[in-house]
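Grab a pencil and take a look at the chain below. We'll work through a few exercises together, one step at a time.

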Amino acid sequence: MFEAVAFYLFAFLTIAMFFITVTTSHALYALSALAAGMIFISAFFFILGADFLGAIQIIVYTGAVMALYAFGMMFFDTTREVKEHQGNKYIVVTMATLAAILVVAMFAAPIVSDNMMAFTPQLQDVGNTQQVGVVLFTKYLIPFEVAAVMLLVAMIAGIILAGKKMDLSLTLMSADEILELEEKNKKVLS
């Protein structure tokens, strides 16, 4: 009974936080709601008894990834309105349809197939953490390494892109130049 109530409560809160993330126009609200949603996702792991995965969810996603998002958000002017470029609607519909078919196929494949089995050794008398480690570093080693390289490339690209926008240094400017820049920005924003 407790698990059912907790599941529905955390499911509602998770969906609400991600809805706020998608619909809000303020980057700080979206970032805070995304962090809260990630914490609520970790609650599912704790309910299922996977304490290690719940802790990793909090540490990695809520801690590290959200800190990376906050760091990236500092480089962009979030008060400026975003002008979206409307592309070809047929391409968007086609890609969305293909993505939906792929998701349905991924979820239907284990249900339809009778002969699916894991290629990892089944260890007895080991805890949840050891089982996660064995599966991660045997069956899923290549995707794990590819994800690490992709995160490294994204981080380097973000630093390079942010560095190109930084042509002014407030530490090298005089007080009059800073006030003039603030006045200029107030006129642009109003």
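**Exercise 1.** Which helix gives the most residues to the nonpolar patch?

*Solution.* Before we start, note that this is a predicted model, where local features need pLDDT of at least 70, side-chain atom pairs count only at pLDDT 80 or more, and totals for chains, interfaces and linings use all residues. Residues are numbered from 1 along each chain as its sequence is written, and side-chain values use heavy atoms, leaving out hydrogens and water.

Step 1: list the members. The surface patch is formed by Leu-68, Phe-71, Met-74, Leu-152, Met-155, Ile-156, Ile-159 and Ile-160. To join a patch like this, a residue needs over 30% relative accessible area and no salt bridge, and the nonpolar side chains (Val, Leu, Ile, Met, Phe, Trp, Tyr) must be within 5 Å. A salt bridge is a side-chain nitrogen of Lys or Arg within 4 Å of a carboxyl oxygen of Asp or Glu.

Step 2: match them to helices (DSSP runs of H or I, at least four residues, numbered from the N terminus). H3 (51–73) and H6 (141–164) each supply at least two residues. The winner is H6, with 5 residues.

Step 3: add the area. Together the patch residues have about 770 Å² of accessible area, by the Shrake-Rupley method with a 1.4 Å probe, where only the protein chains shown count as cover for residues.

**Exercise 2.** Where is Met-74, and why does it count as exposed?

*Solution.* Step 1: Met-74 is in the loop between H3 and H4 (89–112). Step 2: its relative accessible area is 60%. Exposed means over 50%, buried under 20%, and partly exposed in between (1.4 Å probe, protein chains only), so Met-74 is exposed.

**Exercise 3.** Find the largest nonpolar core and say which helix has the largest share of it.

*Solution.* Step 1: look for buried Ala, Val, Leu, Ile, Met, Phe, Trp, Tyr and Cys residues joined through side-chain atoms within 4.5 Å. The largest such core has 5 residues: Leu-31, Leu-34, Ala-35, Met-38 and Met-66. Step 2: H2 (residues 27–47) provides the largest share, 4 residues. Step 3: zoom in on Ala-35. Leaving aside neighbours within four places in sequence, Ala-35 is in contact (heavy atoms within 4.5 Å) with Thr-62 and Met-66.

**Exercise 4.** What do the buried residues of H2 pack against?

*Solution.* Step 1: pick out the buried residues of H2, among them Ala-30, Gly-37 and Phe-44. Step 2: these buried residues pack against H1 (2–23) and H3.

Terms used: Patch = residues over 30% accessible without salt bridge, like charges linked within 9 Å, V, L, I, M, F, W, Y side chains within 5 Å.
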